[in-house]
Amino acid sequence: MAQATTATTANQQGDAPQIELISQRQRAWRTFRRNKAAMIGAGMIIIVVLIAITAPLIAPHDPIEQSTINRLEEPSPDYPLGRDDFGRDVLSRIIYGTRVALLIGITSVAFGGILGTIMGIVAGYFGGRVGTTIMRLVDIMLSFPDLITGLLVMAVLGAGTTKLIIAIGLTMAPRFARIAYGSALSVKEKEFVEAARALGQRTRIILSRHILPNVAGDLLVLASLWTAQAIRLEASLSFIGLGVPPPTPTWGQMIRDGTRYLTDLPLLSLAPGLALLFTVFAFNLVGDGLRDVLDPKSR
Amino acid sequence: MLRHILRRLLLAIPTLFVVATIIFLLVRVIPGDPARAALGDNATEEAVDQLREELGLNAPLWEQYVTYMGDLLRGDLGTTLITRQPAWEQIEFVLPYTLELTFAALLIALALGIPIGIITAVKQNTPIDYAGRIFSLAGLSLPAFYLGLLLMYFFSARLGWFPAIGGGDFDDIGDNLKRLVLPAVSLGLIEMAYVARMTRSVMLNVLSDDYVRTARAKGLTERIVLMKHAFRAGLVPIVSLIGIFIIGLIGSSVLTEEVFARPGLGKLMVGASKQRDYTLLQAIMVLYAFLIIVINIVVDIIYTVVDPRVRYD
């Protein structure tokens, strides 16, 4: 990130105005902190992360232990959200489901982020036929709805957690590629890149040491926004039945299984849905706040 | 104008060609023998071999590709692996359901989303704006299937106002529409959040333009400034976004069709994915690509009609 500084005047004592020097990063943090909604979102994310980390401690029961004689039990003090059709504790499954949602949401965005950033930087830096080919592919991928791309990839790869991460990552990659491409195009004309080239530095070094750090800031911010979509997509694919295989508890799968008992035990599907909504909403709030920091005009 | 449309159509051909090729290759990567998958584990080796021959799977990849592309050029989407019917027959049956759902949801999304977007932009940084923004962000956070379930729970299971599942018959239009209400509302409300956000951001840009300030300075009433000056200018970028809205709806409709057990392209694709019916999957993907390209061209044409500044000669 560039270390540009901005001066803000702070009239402290007497006539001599003191100038407070703050970096771009500090200024961004101040803007973000002033955004109440984003701060609430950050607090919500912390709660979700804590739940995921402490799941074994706070979950009242084993999330996969079945008890067929107690299946579809109504909520009780011991089982506050009742039991599902295998007699498993719904609350514990929701708590453990947090782990799956975060794990897949974050890793798939990381995977898509790395892949997309490489594609974008390579296309932007080299340009020409390579660049055009990569970006045409990116445009085609972007024109398809995420869910349809995800579905196709899952159909090709088959079920499984790693495959799900790849499928969601592949839907995220073109977005990163678009942004990285634009940034790389503008950065490559800067003097310091020209200087590095003139000094005879290798392309790989120029890309990783000079171009990447200048592109990374924007991409990290957008990653938080896209994590929300990745979690939503994971739940959607699980809901369709193409997500993490059972018995691992996932919110999408729980919602799907619960629909059969919607009339009598609505909590079975409505409760995990609320957990999903809470989490995605939290990431969206933060992502929105971060975008305001990046682009103050959109506020 | 006509030349521009023709050029766009011609440019769409290579795109469709590339997409069809990618899909062809992707589908061939699917592990396992499609013929074995179609017939099940109990089928004899002879039966599997016979099906492989019938499907042309014994031919080299390039030959399969040439046959596939040739068929596609003639408008033949192939035969499905599982039911052994022409893929188009299955698609033809479900397509009207998806189009009906998408169209109804689009109307709801635009009818509610555009006014909300305008109001929140005009009342920027007031409680109304904050409420509108939080509301639309919540809409963006809600997966289409969850809102569908909530509506199904309240309006079908509790109140019994609408049938919960199925798509109805097009011959019985009353029943068909009744079954359309909940899916269309759930899909439309989610997309509305997106429309409202986009409209707000477009209107904020327009409202800070010089001519709006001039209109206000002339002493025009706020209503005229908004409706005659700002909204007209804002309409152009909004129209250009309709294509994105429709494509978003087509994507989300997969979930809505799944929740309401409605026939549709999305549901057909989910079934094909689960059964690994790769010829049907291929056909549906090509159709999606075709629809997306056509939607973009149509929106482009509407754009030139709405905005007199845009001329392609």
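This is a short tour of the structure in your viewer, stop by stop. Keep in mind along the way that the model is predicted.

**Stop one: chain A as a whole**

Begin by selecting chain A and colouring it by secondary structure. You should find eleven helices and two strands. Follow the chain from the N terminus and you meet the elements in the order β-β-α-α-α-α-α-α-α-α-α-α-α. Turn the view around to get a feel for the dimensions: the C-alpha trace of chain A spans about 75 × 60 × 30 Å along its principal axes. Chain A has 299 residues, and 50% of them count as buried. Among its contacts with a separation of 6 or more, 65% join residues 24 or more positions apart.

**Stop two: the largest nonpolar core**

Next, show both chains and select Phe144(A), Ile211(A), Phe145(B), Leu265(B), Met269(B) and Tyr288(B). These are the residues with the most contacts inside the largest nonpolar core, which has 160 residues. Now highlight helix 9 of chain A, residues 203-240: with 17 residues, this helix supplies the largest share of the core.

Zoom in on Ile211(A). Which residues does Ile211(A) touch, leaving aside those up to four places away in sequence? Display Ile121(A), Tyr125(A), Ala184(A), Val187(A), Lys188(A), Val193(A) and Ile206(A), and you have its partners. Apart from the largest core lies another one, of six residues; Met119(A), Ile134(A), Met135(A) and Ala177(A) are among them.

**Stop three: the largest cavity**

A search of the whole structure finds three cavities of 30 Å³ or more. The largest holds about 70 Å³ of space. To see its lining, select Asp84(A), Asp85(A), Arg88(A), Val90(A), Arg93(A), Met254(A), Asp257(A), Gly258(A) and Leu268(A). Colour them by character and you get three nonpolar, one polar and five charged residues. Helix 4 (90-126) and helix 10 (251-258) of chain A each give two or more residues to this lining, and helix 10 gives the most, with three.

**Stop four: helix 1 of chain B**

Finally, select residues 2-29 of chain B, which form helix 1. Its 28 residues should span 40 Å at 1.5 Å a residue, and its end C-alpha atoms are 41 Å apart, which agrees.

Which residues of this helix are buried? Pick out His4(B), Ala12(B), Thr15(B), Val19(B), Ala20(B), Thr21(B), Ile23(B), Phe24(B) and Val27(B). An α-helix has 3.6 residues a turn, so residues three or four places apart point the same way. To see what covers the buried residues, add helix 5 (128-143) of chain A, along with helix 4 (61-73) and helix 12 (278-306) of chain B, which are included in the cover.

Notes. Residues are numbered from 1 along each chain as its sequence is written. Chains are lettered from A and ligands numbered from 1 in the order in which they are written. This is a predicted model: local features need pLDDT of at least 70, side-chain atom pairs count only at pLDDT 80 or more; totals for chains, interfaces and linings use all residues. Side-chain values use heavy atoms; hydrogens and water are left out. A nonpolar core is a set of buried Ala, Val, Leu, Ile, Met, Phe, Trp, Tyr and Cys residues joined through side-chain atoms within 4.5 Å. Buried means under 20% relative accessible area, exposed over 50%, partly exposed in between (1.4 Å probe, protein chains only). Helices (H or I, at least four residues) and strands (E, at least two) are DSSP runs, numbered from the N terminus. Contact means heavy atoms within 4.5 Å. On a 1 Å grid over the protein atoms alone, a cavity is a set of points where a 1.4 Å probe fits but cannot get out, and a pocket is an open set with protein on both sides within 12 Å along at least five of seven lines; lining residues have an atom within 4 Å of a point. Grid points are joined across faces, edges and corners, and a volume is the space filled by probe spheres set on the points. Ala, Val, Leu, Ile, Met, Phe, Trp, Tyr, Cys and Pro count as nonpolar, Asp, Glu, Lys and Arg as charged, and the others, Gly among them, as polar. The expected span of a helix is 1.5 Å times one less than its number of residues.
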